[in-house]
Amino acid sequence: MSYITEEQGKDFAFDNETRLGMLRKIAGNRDWMEVTDYEIRADHQPRTYETLCFLKEQGYEVRLLFGSDKLPELEHGWRHIPELCREFGIAVMSRNNEDVHALIDRDPYLSGLKEFISVIPTPDTYQDVSSTKVRQQIALYRQARKYIVRTLPEELGDLSEYINEE
């Protein structure tokens, strides 16, 4: 949570336990998916490379998976990219029907990593799914809710006790 709000500068993040609970719920009916609390239990904020090394030590075959919107951040926003690419590889899902191969080919840094990047076909239903969009939707919901509460008749009193913040 602190990494998302402080280092990434995002305006909202669920607390670690809530995020872990959501991931466990998602994984609950997917036999191929497991969730670990390694990052939130660590005594420091492990970087992605450290987490992948930990998972590999546990016997898992791992690869970094993210949306194509994150590709441009690799050169300046991530640590240990050469090691991560050589040891694990990167799997990229397209976002917003972006031509990921063309994006990689146009960028000198990414084209140098091309042999380590696998582009995963992304179903249409997942093309615009992202944590950023979830945060934006939550922010819109909270703004709308505050407006509705402010414009309610005085007789209804403070309805905040009925509205769950999460």
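Reader: What does the accessible surface of the chain come to, and what share of it belongs to carbon and sulfur atoms?
Author: This is a predicted model, so the values are computed from it. The accessible surface of the chain is about 11,800 Å². The share belonging to carbon and sulfur atoms is 50%.

Reader: How many of the residues count as buried, as a percentage?
Author: The chain has 166 residues. A residue counts as buried under 20% relative accessible area. The buried share is 27%.

Reader: In what order do helices and strands run along the chain?
Author: The chain has 9 helices and 3 strands. From the N terminus on, the order is α-α-α-α-β-α-α-β-α-α-β-α.

Reader: What share of the contacts with a separation of 6 or more joins residues 24 or more positions apart?
Author: Contact here means heavy atoms within 4.5 Å. Among contacts with a separation of 6 or more, the share from residues 24 or more positions apart is 59%.

Reader: What is the strand order of the open sheet, and which strands are at its edges?
Author: The sheet has 3 strands with parallel pairing, in the order 1-2-3. An edge strand pairs on one side only. The edge strands are strand 1 and strand 3.

Reader: By what angle are neighbouring strands of this sheet turned against each other on average?
Author: The sheet is open and its pairing is parallel. Direction is ignored for this angle. The average is 25°.

Reader: Which residues stand opposite I90 in the neighbouring strands?
Author: Strand 2 covers residues 90–93 and pairs with strand 1 over 4 bridges. Strand 2 also pairs with strand 3, residues 117–120, over 4 bridges. On the strand 1 side, the bridge partner of I90 is L64. On the strand 3 side, the residue opposite is I117.

Reader: Which residue of strand 3 stands opposite A91?
Author: Strand 2 and strand 3 pair in the parallel sense. In strand 3, the residue opposite A91 is S118.

Reader: Which residues of helix 4 are buried?
Author: Helix 4 spans residues 48–57. Its buried residues pack against helix 3 (38–41), strand 1 (64–67) and helix 6 (81–87). They are Y49, T51, L52, C53 and L55.

Reader: Which residue takes a positive phi just after helix 4?
Author: The phi is about 100°. The residue is G59.

Reader: Which element gives the largest share of the largest nonpolar core?
Author: This core has 21 residues, and those with the most contacts inside it are L71, L74 and I90. Two or more residues come from each of helix 4, strand 1, helix 6, strand 2 and helix 7 (100–106). The largest share is 4 residues, from helix 4.

Reader: Which residues does L74 touch, not counting those up to four places away in sequence?
Author: L74 is one of the residues with the most contacts inside the largest nonpolar core. Its contacts include I90, another residue of that group. The full list is F66, I81, I90, Y109, L110 and L113.

Reader: How many aromatic pairs are found, and what is the geometry of Y49 and F88?
Author: A search of the whole structure finds 3 aromatic pairs. The ring centres of Y49 and F88 are 6.0 Å apart, with 65° between the planes. Planes over 60 degrees apart count as edge-to-face, so Y49 and F88 are edge-to-face.

Reader: Why does the pair of Y49 and F88 tie together separate parts of the chain?
Author: Both residues are buried. Y49 lies in helix 4, whereas F88 lies in the loop between helix 6 and strand 2. The pair therefore ties together parts whose separation in sequence is 39 residues.

Reader: Why is the pair of F66 and W78 tilted?
Author: The ring centres are 5.7 Å apart. The planes stand at 40°, so the pair is tilted.

Reader: Is W78 buried or partly exposed?
Author: F66 sits in strand 1, and W78 in the loop between helix 5 (74–77) and helix 6. F66 is buried at 9% relative accessible area. For W78 the value is 23%, and the cut-off for buried is under 20%. W78 is therefore partly exposed.

Reader: What phi does H80 have?
Author: H80 is in the loop between helix 5 and helix 6. At 36% relative accessibility, H80 is partly exposed. H80 is not a glycine, although its phi is positive, at about 60°.

Reader: Is N97 buried or exposed?
Author: N97 is in the loop between strand 2 and helix 7. N97 has a positive phi of about 55° without being a glycine. Its relative accessible area is 57%, so N97 is exposed.

Terms used. Residues are numbered from 1 along each chain as its sequence is written. This is a predicted model: local features need pLDDT of at least 70, side-chain atom pairs count only at pLDDT 80 or more; totals for chains, interfaces and linings use all residues. Side-chain values use heavy atoms; hydrogens and water are left out. Buried means under 20% relative accessible area, exposed over 50%, partly exposed in between (1.4 Å probe, protein chains only). Accessible areas come from the Shrake-Rupley method with a 1.4 Å probe; for residues, only the protein chains shown count as cover. Two strands pair if DSSP finds at least two bridges between them. Rings of Phe, Tyr and Trp (its six-membered ring) pair if their centres lie within 6.5 Å; planes under 30 degrees apart count as stacked, over 60 as edge-to-face and the rest as tilted. Axes are lines fitted to C-alpha atoms, for helices over the stretch in contact, and angles run from 0 to 180 degrees between N-to-C directions. A nonpolar core is a set of buried Ala, Val, Leu, Ile, Met, Phe, Trp, Tyr and Cys residues joined through side-chain atoms within 4.5 Å.
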